[in-house]
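Got a minute to go through this one together? Have a look first, then we'll ask what backs up each label.

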Amino acid sequence: MKTQSHISRNMLIIFCAMSFILYLDRVNLAAAAGPLKAELGLTNTELGIAFSAFGYTYAIFQLVGGWVADRFGARRTIIVCGIIWAVATVCTGLIGGLVSLCLARLLLGIGEGAALPAQARAITNWVPKPKRGMAQGLTHSFSRLGNAVAPPLVAILIAWHSWRAAFIAVGILSALWLVVWLVYFKETPEEHPGVSDAELALLPRRENVQEGGDSLPHSWWTILRRMRATIAVYFCMVWSNTLFFSWMPIFFMQSLNLDIKSSALYSSGVFFAGVLGDLTGGVISDFILKRTGRLALARQGVITISLLGGLIFFIPVLISHNVITIALCLSAAFFFLELTIGPIWAVPMDVAPKTAGTASGMLNFGAAMATIISPIIFGLMIDMTGSWTLPFAGAIGFLILGIIFTQWIRPDISVEDISQHKPAETQSLLG
């Protein structure tokens, strides 16, 4: 008889490593923006176009990847995604101008766009419901760790060789992670030979998850109706977060006149605050759920507080000229915004456990639309006005909208609840 195994813990480690590498790939461009922009002779608007190019394919393949993962399984989906994003990352280190940069970013969007909803599908298969907020917060905290590591890593590689070396090195790291996924990951706990009976009893059962290759049990419209408020909230939150992911290092350089080393140091500090926010938000959400049994309070309550906190700490950035004050307020704002991640990514699993990949893809589609639009708007604002604080004022407006939309998330009402009621009863359920 097998002793207690810990395969699900190992799976969580693999998910965390995946999130770390995905965001290291993505934020490399922001970290290298200063020397890259100078070498290629780009304006802020052109740089914004390059940032947003990623979002076009990222948005489309959120939906495609979620459906494919639900239909054919997370394992096969992520194998294809991993090959694509590794190749795209290496290609970014070989670019010669704006066009080739945009093409590499479009390819990266294909690989990464399908990967996150596929990861959500895998987490649904391997993590029980009471721990999913924590799991999502933990995996996303490693994505923010990737954000934090990227600026100093790129600065070191620029001093040692060039900004191009950073992309090639991370592309190789992506390929190594993919080998581990290929060898170790199995679609469900029942399929993994190392899972003991004791551990299996604690994990989601096969009948409670969507089988790869089966048709989906709910229409896209039914899932979208339950996800639309959550999508709107996430759009507003990511609009604000894009300020950090795309512009933070160059903001410190151009707005506050810091050199690349100081910019990397301050940017990393801000991103490390996000790591703590991701960890804390998921833990708090699951703790509230365990203590009260109220799913709406555990998800909506934490999201509301986090958006409000981010809004409050953006305000001093508009009026202060002190580097330390701005860095501390940006760190606090990013911490609060990242509290959102654990509970909001748990919502697709709450409302659509059998189609969590599709629902998660819809959620991140909203985020992708924000990453398409906001970098261009930010770049235009800066080029036209010379003001680096104006984008923060716009972000405050979107956070106010996000707080309002949060009240309609209702994670306690699943797609099964909707499909089993008539339209009038459904409207009553949703309030």
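What follows is a short round of questions and answers on the helices, the domains and the salt bridges.

Q: How do you know what kind of model this is, and how are residues numbered?
A: It's a predicted model, where local features need pLDDT of at least 70, side-chain atom pairs count only at pLDDT 80 or more, and totals for chains, interfaces and linings use all residues. Residues are numbered from 1 along each chain as its sequence is written, and side-chain values use heavy atoms, with hydrogens and water left out.

Q: Why is the pair glutamate 39 and arginine 164 called a salt bridge?
A: A salt bridge needs a side-chain nitrogen of Lys or Arg within 4 Å of a carboxyl oxygen of Asp or Glu. Here N to O is 2.8 Å, so the pair fits that definition. Glutamate 39 sits in helix α2 and arginine 164 in helix α7 (residues 163-184), 125 residues apart. The whole structure has five salt bridges.

Q: What makes the span of α10 close to the expected one?
A: The expected span is 1.5 Å times one less than the number of residues. Helix α10 (residues 260-292) has 33 residues and reaches 48 Å from first C-alpha to last, against an expected 48 Å. Glycine 293, just after α10, has a positive phi of about 70°.

Q: How do you know that domain 1 and domain 2 are in contact?
A: Contact means heavy atoms within 4.5 Å, and 49 residues of domain 1 (8-199) meet 52 of domain 2 (222-413) that way. The bounds come from an automatic or database domain assignment.

Q: What makes up the area buried between domain 1 and domain 2?
A: Buried area is the accessible area (1.4 Å probe) that two parts lose on being put together, summed over both. That's about 4100 Å² here, 68% of it from carbon and sulfur atoms. Asn44, Lys129 and Arg144 supply 14% of the area that domain 1 buries against domain 2, more than any other three residues. Zero salt bridges are counted between the two domains.

Key. Helices (H or I, at least four residues) and strands (E, at least two) are DSSP runs, numbered from the N terminus.
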